[in-house]
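Thanks for coming. I will walk through one structure, part by part, and I will keep it plain.

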Amino acid sequence: MVEKTIVDLHGELHDHFVALRADRDATSPSSPVFVLEHGLDPDQELPELNGVVRDVVAGARLPAKHWLPLVVYAAEIGYRYEGDEYWPVFEAETPGWKRHGTAGRRYIRRKYELFAATYGGARPSGTWAEWFKNIAWPITHAVLPADLQRHLARLLSDYQYAFTTELLEDHEALGERLGARAGDTSSRFRKFAENTSLLGLVSASLLLGDEDETPLLTGDVLHRIVADLSHERQAGEWLRDAKRAAVRVRRKGLLGAASSVSDASVADIVDRRWPRLELTLSLRRSSAGWSVYLTVPSHESIAQRFPAVRDEMGRVRCRIDGVSGVRARGSMMYRQGPLALETMPVPNKTPVRVEGGSAALTERLVDHCRVPAQPWLFRFREPGLAHEVRMNSVRPGEEYILVAPELPESSDLLGAELVNLTTRGVKGTRFSIPSEVDDALIAALQDMGLGLVSDVFLWPAGLVPASWDGEGRAAWSAGEDPIIGIRSARRVARCVVSTAEDVVEIRWPVDRDTVFVRLTGLEMGTHSVEIQLLGADESASAVATGQVVVEILEPADSASSASRGQGIQTWTYPSHPTLEELWRGGAAVVVDGPHGEKVRFELRLMTRSGRRTLATRSFSSALPVWEHRWHDLLRGVQGDGELDRNIGQAEELTVVVSNLTLGSAEIRAERLFEPLRWNTGIDRDGPYARLVDHLDSDDLRVSVTDVRSPAEALEVVLQDDREIRSENGLLAVASAGDFQAAVVLPPHVSGGLDALARLSVRPSLRTGNRSADSIHRMIELAHRWTRAASPADQNAARMQSRVNDAIVARLSGVIAGDRWRDLEREALERADLTRDRLFGAVGRSGAEQAIAATLVDMAGCVPALPEERAVAFAEVLEAHEWQVGGDFAELILRLCTAPGSIAPTDGRTSEAIKLALERPALIRLARAFAFAIGDKGGESGMSLLEEWPWD
């Protein structure tokens, strides 16, 4: 057999890609060509190409003209890519490649660019392409690398009930819809999904490739991906389910193509199917009287519809008009309530108020979750509980409460009586409808703005709906066919059921008063189903009518809904935390179920995609577990040696909650896939940080800062192992272009007095002048140490806190004066600050002493959220006629507790610094407030960063 050369292989590949481009132009001109569509036999031709490429790379120079085998080789490595560093894998499999260095990586990129220009090849797009300018090319041309396949299969399975003919025929629109639902996948898949055109193309090809020969991808590539997915049973089942659903939808669309709307865009068609979110009202009785309760639905569907605001929605806090307090970060992504309303919110407007939300997010929320128009009618379900009736119609034999700001006059026929409502702004009247209704009573009800339903009764039968208000509104998940039960009090011959899309007439059974109607083919969205009952006289008029409003919900995500239907329910705040957020306490796990039941938690640190478990730790707790209880449990395991040693290497953190009777639920948090990142660990030589660099940048810079002098950075050159170590503890910062990664390494502790000394080292900061520039520099320094950098373990986290404390003490002392500087020095030395000592340093004026006394006295009962503490601080200042304003009061508190949480570029920061320099008493009062809270409200020894967890 004659061995082929690089020239032979290049020529054959050239002819193949030219022919493939011609075929694609004839069938789908806008579709790109992928290098993975090389058509080589995987058993013989591909190994032969790999051998030729390795021989060429081992030579002196890379070929200028015969480059196609090299891009095929690179794409094949990209296909096996699992999110680890691409070039180290390339180097390990390709002897001599390391010698080509950065020039070799650029060579690959330039040849891919040439491939795109010559053969109409795919071009990377989105954040992925911006961040990873070199490796984005071979990975994009790998079509669907190994680590993305499972995510896509699950996504297609979750979305199968939302497939439409229009979407399947327009892969661009399909990609946009799928991309909007990619928020629950890995961070790398989310980056992949930003290239919605590629996502839609691959998805459409996988869904319909067996039904027709798809013009989007060659058959061998499709079969290869499908075969690889099938190796994992669950992923294979997901893909098969999605493919079957797509084929059904497409065949149905082909049969009804003649009646399709040809002039409507896919986007318009799909947008009309998105359901609007609706609030739910109820009444509940307590010893104080009746209260109106509000349930706010999950805003997940808005996040899916508008992916640009998804991350923001998963992290912002919100307030709900009429409900005290601030809701947890990310709570908008879950159903909230029922929540007791202290005051009735404004009708026809949304009560959800986002704190610090963008204009784009606020705009998206305007049309959703509006409070229903008044009056509000509630029907008794059981003693002490009444549910809202949206249709404002009553039934004979039932009991109701009508609620409104001003109640209409009611007839004596109803026997109405006022009820005691604890919710301010509304009044309520209770009345009953007799079993026999006459014309006078109907007229009385009409005067109150109410209708009467008596001749026909409708209810959901078969599958239990996701929701049912008992009066005509029900919701089912996509993929479920609603069944409506119809009971008539009149003699009926025929029943006509109509929706906006269809009208069906059925014959009424002679010997029955009830029939059941199955509604099939309903798309996502809200549908009004009209029921008309006709007599036997062929008259056009109906003897009775009814209506059911059916809502088909967005399909549930298989990952986020893992605990639904179980005895254990779990939530996370924010809704989709990263590994870092969950481990460091920036996110919380909430677990609910039968109160008092004991559940077992298991924390698992794993490598990427759960391939290997690095460390585990178990603990137990009684239900429920709310945010504060979770943080207590987490603190109990964060010092665990095995977890600390492996957290820096872990790519996934899984929390499994289980009970033998109640079942189990799983929460998975992944490390963000970032251009630059530090991996950390501990070996016999002590703690280390290893730089993971995906950027291939020429301007990479690395600096280190010793904890003893946290403001003095020294630039270093990394060795081949790209590791940094420290005896005393340090901050390491890597930067390239606009990207930066920072980590705090703990000291090398080997035992003895030397170890204690290193763990208790006090950072030394030079006292700058009393100027705005100096304060700005300290804010930036605090941000670098406490916000930009992640701590490698608990010792590193404690070191961060000491640096933060030193910066706060310096800032406060420089601004507030010599006496206060002395007090800060005492506090750093862990001296007990008496009330007299604190008040003596605050100031001699009566106003300052009075404010300080109020703040110190209220410290033991202030809220846990620092934002709410800021509100209390501002209110105290205002009560003493110190006009500061809420925003500036918060910034002053941030400056005195965690200056790294302040945005240095925010225009208000400069104004707040100016205010602090002009009125230093504000700093003294804020610090006195923080000292008092630390003494009364927190655990012994809790740091400022723990006591004041600012966003």
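Contact here means heavy atoms within 4.5 Å. With that cut-off, Thr218 touches Leu20, Arg24 and Glu37, leaving out residues up to four places away in sequence. Keep in mind that this is a predicted model. Thr218 sits in the loop between helix H12 (196-208) and helix H13 (219-230). Is Thr218 buried or exposed? Thr218 has a relative accessible area of 16%, and buried means under 20%, so Thr218 counts as buried.

Next, the nonpolar cores. In soluble globular proteins, nonpolar side chains tend to be buried together. The largest nonpolar core in this model has 92 residues. Those with the most contacts inside this core are Trp678, Ile724, Trp820, Phe873, Leu925 and Phe929. Which helix gives the most to this core? That is helix H32, residues 921-936, with eleven residues.

Take Phe873 from that list. Leaving aside neighbours within four places in sequence, Phe873 is in contact with Leu855, Ala889, Ile892, Leu893, Leu922, Leu925, Ala926 and Phe929. Apart from the largest core lies another one, of 45 residues. Among its residues are Ala142, Leu199, Leu222 and Val249.

One helix is worth a short stop. Helix H31, residues 907-918, has twelve residues. From its first C-alpha to its last, H31 reaches 17 Å, close to the 16 Å expected at 1.5 Å a residue. Which residues of H31 are buried? Buried residues in H31 are Thr909, Ala912, Ile913, Leu915, Ala916 and Leu917. As background, an α-helix has 3.6 residues a turn, so residues three or four places apart point the same way.

Now the aromatic rings. How many aromatic pairs does the structure hold? The count is 28. One of these pairs is Tyr86 with Trp87, with ring centres 4.9 Å apart. The planes of Tyr86 and Trp87 stand at 85°, and over 60 degrees counts as edge-to-face, so this pair is edge-to-face. Tyr86 is buried at a relative accessible area of 2%, and Trp87 is buried at 3%.

A second pair is Tyr334 with Tyr573, also edge-to-face, at 5.6 Å centre to centre and 70° between the planes. Where do the two residues lie? Tyr334 is in the loop between strand S3 (318-320) and strand S4 (336-340), while Tyr573 is in strand S22 (residues 569-573). The pair therefore ties together parts that are 239 residues apart in sequence. Both Tyr334 and Tyr573 are buried.

Back to Tyr86 and Trp87 for a moment. They belong to one aromatic cluster, together with Tyr73, Tyr81, Phe90 and Trp97.

Rings can also have a charge over them, and here are two cases. The charged end of Arg284 sits over the ring of Tyr293, 5.4 Å from the ring centre. Arg869 lies over the face of Trp948, at 4.7 Å from the ring centre.

Last topic, salt bridges. Side chains of opposite charge can pair when their charged atoms come close. Searching the whole structure gives 35 salt bridges. I will go through three of them and then a network.

The side chains of Arg80 and Glu93 meet at 2.9 Å, N to O. Arg80 lies in the loop between helix H3 (68-79) and helix H4 (86-93), and Glu93 lies in helix H4, so this salt bridge ties together parts that are 13 residues apart in sequence. Arg80 is partly exposed at 44% relative accessibility, and Glu93 is partly exposed at 24%.

Arg617 forms a salt bridge with Asp640, with the closest N and O atoms 3.0 Å apart. This pair links distant parts of the chain, 23 residues apart. Arg617 is in strand S25 (residues 613-622), and Asp640 is in the loop between helix H21 (627-638) and helix H22 (641-647). Arg617 is partly exposed, with a relative accessible area of 28%, whereas Asp640, at 19%, counts as buried.

The third is Arg701 with Glu715, where the closest N and O atoms are 2.7 Å apart. Arg701 lies in strand S30 (residues 701-706) and Glu715 in strand S31 (residues 713-716), so the pair ties together parts 14 residues apart in sequence. Arg701 counts as partly exposed, at 49% relative accessibility.

Finally, the network: salt bridges link Glu652, Glu666 and Arg668. That is the end of the tour.

Methods:
Residues numbered from 1 in each chain as written. Predicted model: local features only at pLDDT ≥ 70, side-chain atom pairs only at ≥ 80, totals over all residues. Heavy atoms only, no water. Core = buried A, V, L, I, M, F, W, Y, C linked by side-chain atoms within 4.5 Å. Buried < 20%, exposed > 50% of the residue type's maximum accessible area, 1.4 Å probe, protein only. Helix = DSSP H or I, 4+ residues; strand = E, 2+ residues; numbered from the N terminus. Phe/Tyr/Trp six-rings, centres within 6.5 Å; stacked < 30°, edge-to-face > 60°. Lys NZ or Arg CZ within 6 Å of the ring centre and 35° of its normal. Expected span 1.5 Å × (residues − 1). Salt bridge = Lys/Arg side-chain N within 4 Å of Asp/Glu carboxyl O.
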